[in-house]
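Colleague: I would like a close look at a single part of this model. Please pick one strand and walk me through its surroundings.

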Amino acid sequence: MKEYSQLTLPQRYEISALKKAGHTQQRIAQIVGVHPATISRELRRNRSSSGYHPRAAHEQMQQRHRHKRRAYKWTAGWRRQVESKLRLQWSPEQISGWLLRHHGFSLSHERMYQHLRADRAGGGSLYAHLRHRSGSRRSPSSTAYKGDLPNRISIDDRPPIVEEKTRIGDWEGDLMMGGQGGGALATLVDRKSRWTRLQRVHTKQAEEVADTLIEGLKDHREKVHTLTVDNGTEFAQHEKVAKALKADLYFAHPYCAWERGLNENTNGLLRQYFAKGTNCKIISDAKIRQVEKRLNQRPRKALGFRTPQE
C-alpha cells in the first residue's frame, strides 16, 4: 500500500466519523483502506484550531495543490509542442489552456508572445500563423435586407432551449461569399459543440443553396433540431431544407448578425484560410476538408479548452 494517498472528499468524511467514534489512526487507516501514514498526515496538515472538518480539509488540499503545480522549464520539447500548435493556427490562449489541461504545464500567453517576437526578430515566420482580426466592422447598410420570405419563421418563435446551448443539434448557417462570381462556402456550426461543416456553393440560387445545406448536414440528421439563418433570398427554399432534415428552420431579425454570433465568428476564423476575394469555385475539396478539420480539432475556451471533436 502506498505510504501517501490522495484522499477523496467521501474518505475525509469517513475519517471524521471514525475519529469522532474514538477509533485509533491505525484502525481508521484499515477501514478507509489507506496507509496509516496517510491518516496521520491528513490529521496533522488539514485540521483547524477547532478540530478536523472534512469539507474544509478537502478545500485546503485543493488550494495547496493549485499553488504547488509543477513548474516546468521552457525546454526545447515544450517549445516544439507550442510551435506545432501555432502552425495549426491555435491562439496562445488556446495552447495555454490545452497544455494545462493535458499536461499540467502552466505557460503564460506572454511567454509565448515573447517567443514569437524573438522568432520573428531572428527571421522566423511563426508570427504568420497568428489569427489577425480586422479592426473594422461591417456596417448594417453593407448588407441589404431582401424583403420577406414566404412562410419564414422568426427567431422570436425559436424554443428557449436553443439559447441555452445545452444540447447538440441547434445549428447556425450562412454563406461566406467568395469574390465576384467566385461562388461561396456554406458554413454550418453547432451552437453547443462548435462543430463546423463547410460546403462549396457555386451560385446563390435558392435551390442549390438548399441542396448544399441538406448535403452538409445529412450525416448529422439525427443531431439537427433547429437551423437559424439570415434573411437572404438564397434561403428561400427553407421549407425544403426543414423537411429533408426533419428540423425547424428560423430566421434572425434583419441587420442583427449577433443573433447568429457563433456563425459570424466562425466565418471570421475562416477568413484566415480563405481571404476576401477568394474564388471559392476553385478551392479543392481536400483544402475545404483540411480547414474544416483544423477548426474541429482546435481547443476552444468556451468548451473548457476541449475541441469540438472531443
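Modeller: What follows is a walk around strand E2, with its burial, its two faces and its two partners. Keep in mind that this is a predicted model.

Start with burial. Strand E2 covers residues 184-190. It is mostly covered, with seven of its seven residues buried.

Now the two faces. In a regular strand the side chains alternate between the two faces of the sheet. Here, Ala184, Ala186, Leu188 and Asp190 point one way from E2. Leu185, Thr187 and Val189 point the other way. Both sets are buried. That includes Asp190 on one side and Thr187 on the other.

Next, the partners. Strand E1, residues 170-177, is joined to E2 by seven bridges. The two strands run antiparallel. For a landmark in this pairing, find valine 189 in E2: glutamate 172 stands opposite. E1 and E2 form a hairpin, with six residues between the strands. In that hairpin, look at glycine 181, which takes a positive phi near 75 degrees.

E2 also pairs with strand E3, residues 196-201. This pairing is antiparallel too, over six bridges. The landmark here is leucine 188, which stands opposite arginine 197 in E3. E2 and E3 make a hairpin with five residues between them. Its turn holds arginine 194, with a positive phi of about 70 degrees.

To put the picture together: E2 pairs with E1 through seven bridges and with E3 through six. Valine 189 has glutamate 172 opposite, while leucine 188 has arginine 197 opposite. Val189 and Leu188 point opposite ways from E2, and both are buried.

Conventions
Residues numbered from 1 in each chain as written. Predicted model: local features only at pLDDT ≥ 70, side-chain atom pairs only at ≥ 80, totals over all residues. Heavy atoms only, no water. Buried < 20%, exposed > 50% of the residue type's maximum accessible area, 1.4 Å probe, protein only. Helix = DSSP H or I, 4+ residues; strand = E, 2+ residues; numbered from the N terminus. Pairing = 2+ DSSP bridges.
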